[in-house]
Amino acid sequence: MTWHDDQARRDELYRDPYPLYDRARRAEGLMYVPEFDAWLVARDRDVREVLLRAEDFSSANALLPDIPLSQAALGVLPRGFGPRPTVVSSDGAAHRRHRAPLNRGLSAGRVAALVPYARTCASELVDGFAADGSAELVAAYARQLPGMVVGRLIGLDPADVPAAVHGGYRAEELLFRPLPPEGQLAAAEDVVALQHLLDGYVRDRRAHPRDDMCSAMVAALAPGDDELTLEQRHELVTSLQNLLIAGFLTTSALIGTMLLHLLADRRQWRMLRADPSLAPAAVEEAVRHDTAIQAFRRITTRPVTLAGTKLPAGAAVLVAYGSGNRDEERYERPGEFDITRPGNRQHLAFGYGTHGCPGSQLAREQLRLTLDLFVRRVPELRLDADRPPPRMRPTLIHRSPQDLYVTW
Ligand code: HEM
């Protein structure tokens, strides 16, 4: 089989991993999946068990890239910052050190204080297309709002947000999409540019702290007020880049997927329109049914047994939140998107245990305000019947439609 055939097969699997998940949940023990180079953890209870046994299942490999980097890209990246372990890829005390400023900066109060800004941004984005009668919502809305919001959280100047968002998408492409060598080179250059932008903020906030997440991370990860060492800058830039990407690519992806499912089964959209108080339940169902982060990795720290399968130390497992969320032992008709489903808040879409998502409240607020806004401003929203049905991007990391053409 050629590299292209192999890639095409992998893309199809990534566009629709659900049939594989179904087989893995029914299999005895764990299923080894060569395409993932890992044991697939597919059942709700097994996903929870791995995430709770953090000493046995390390996060060191949580975000292993899907794509090996070319020599050309490897030549460019040392001009930037990192890589260093971040909150997602550390365990134990190191993890708690990274996690502390995130918990404080994303507390309920902090998130509530960000919501009015998010609402204003969202409303202005809709003003930009509401009179047009049609739009492509991934570009016009889904990929815009979360970058503005996480930019505000971190403390970026709004003028720097487009460059930061661009850099974030390029980092994702570099690590998770097959690019030709010159494409990898260009993406690596963009990632390095993002890192220098973030380094400017890190050094500025050391000198002039403000009430923002960048200042809080500088204070927590490099206590004191001496000039930052190069090593501290490497760590801070890597951590900020991680927060930026964790904060907007996920939420952008899920806004697109949520709107897609509401419009694809238009009865659901009509129900929501008739009763906007269903918005929180619609959000939970969107997050459960087809979540943005389908899976992260773990690596065993010692020989362990999981679901009856014996794994040696150093075994890679792929922990599929997206599969646990379709587990028929926990949900009736798990493959159906149903915004009236009771008790769907126990899903795994935001992870579980010590690494569970600290930004879930901020994500939920943006998803809810999007529904409130769209139901009021474009109640006649529908998928554009003159376009082919939307296709999902071939990725497990930020699952979303490639585009979403709508009319009203
Ligand atoms: C719909 C949007 C989102 C989804 C589906 C999502 C999903 C997740 C998941 C599944 C994890 C667990 C990772 C693991 O088990 O290793 C996680 C962790 C994380 N998320 Fe989110 N997330 C979203 C939005 C956000 C937002 C808005 C932020 C911040 C502004 C954020 C910041 C983080 C961070 C920093 C971690 C790492 C936590 C740790 O390792 O302790 N996420 N997220």
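Reader: Before turning to the iron atom, what counts as a donor of a metal here?

Author: Donors are N, O and S atoms, and water is not among the atoms, so sites may look incomplete. The structure in question is a predicted model. For a metal such as the one here, the cut-off that an atom has to meet is a distance within 2.8 Å.

Reader: Which residue is the only protein donor of the iron atom of the ligand?

Author: The donor atom is an SG, and this atom lies at 2.3 Å from the iron atom of the ligand. The residue that carries it sits in the loop between helix H15 (321-324) and helix H16 (360-377). The only protein donor is therefore, by the cut-off of 2.8 Å, Cys 357.

Reader: How many of the residues in the contact of H6 with H16 are charged?

Author: Helix H6 (residues 108-127) packs on H16 at an angle of about 35 degrees, with the axes 10 Å apart, and the crossing is right-handed. The contact includes Val 111, Leu 114 and Arg 119 of H6, and Glu 365, Leu 369 and Arg 377 of H16. Ten of the contact residues are nonpolar and two are polar, while the number of charged ones is four.

Reader: Why is H8 oblique to H16?

Author: Helix H8 (residues 145-154) has its axis 11 Å from that of H16, and the two make a right-handed crossing. In this contact Leu 145, Pro 146, Val 149 and Leu 153 of H8 meet Leu 362, Gln 366, Leu 369 and Thr 370 of H16, a set with six nonpolar, two polar and no charged residues. Angles over 145 degrees would count as roughly antiparallel, and H8 is oblique to H16 because the angle between them is about 140 degrees.

Reader: At roughly what angle do the axes of H13 and H16 cross?

Author: Helix H13 (residues 266-274) comes with its axis within 10 Å of that of H16, and Trp 269, Leu 272 and Arg 273 of H13 meet Leu 371, Phe 374 and Val 375 of H16. By class, this contact has five nonpolar, no polar and one charged residues. The two helices are roughly perpendicular to each other, and their axes cross at roughly 90 degrees.

Reader: How far apart are the end C-alpha atoms of residues 243-264?

Author: The unreviewed UniProt entry places the feature "transmembrane region" at these residues, 243-264. In the model the span is 100% helix and 0% strand. The distance between its end C-alpha atoms is 32 Å.

Conventions
Residues numbered from 1 in each chain as written. Predicted model: local features only at pLDDT ≥ 70, side-chain atom pairs only at ≥ 80, totals over all residues. Heavy atoms only, no water. UniProt positions renumbered as here; feature names shortened; annotations may be inferred. Helix = DSSP H or I, 4+ residues; strand = E, 2+ residues; numbered from the N terminus. Donors = N, O, S within 2.8 Å, 3.2 Å for Na, K, Ca; no water. Axes fitted to C-alpha atoms, helices over the stretch in contact; angles between N-to-C directions. Left-handed = near helix turned anticlockwise from the far one by under 90°. Contact = heavy atoms within 4.5 Å. Nonpolar A, V, L, I, M, F, W, Y, C, P; charged D, E, K, R; others polar. Parallel < 35°, antiparallel > 145°, perpendicular 65-115°, else oblique.
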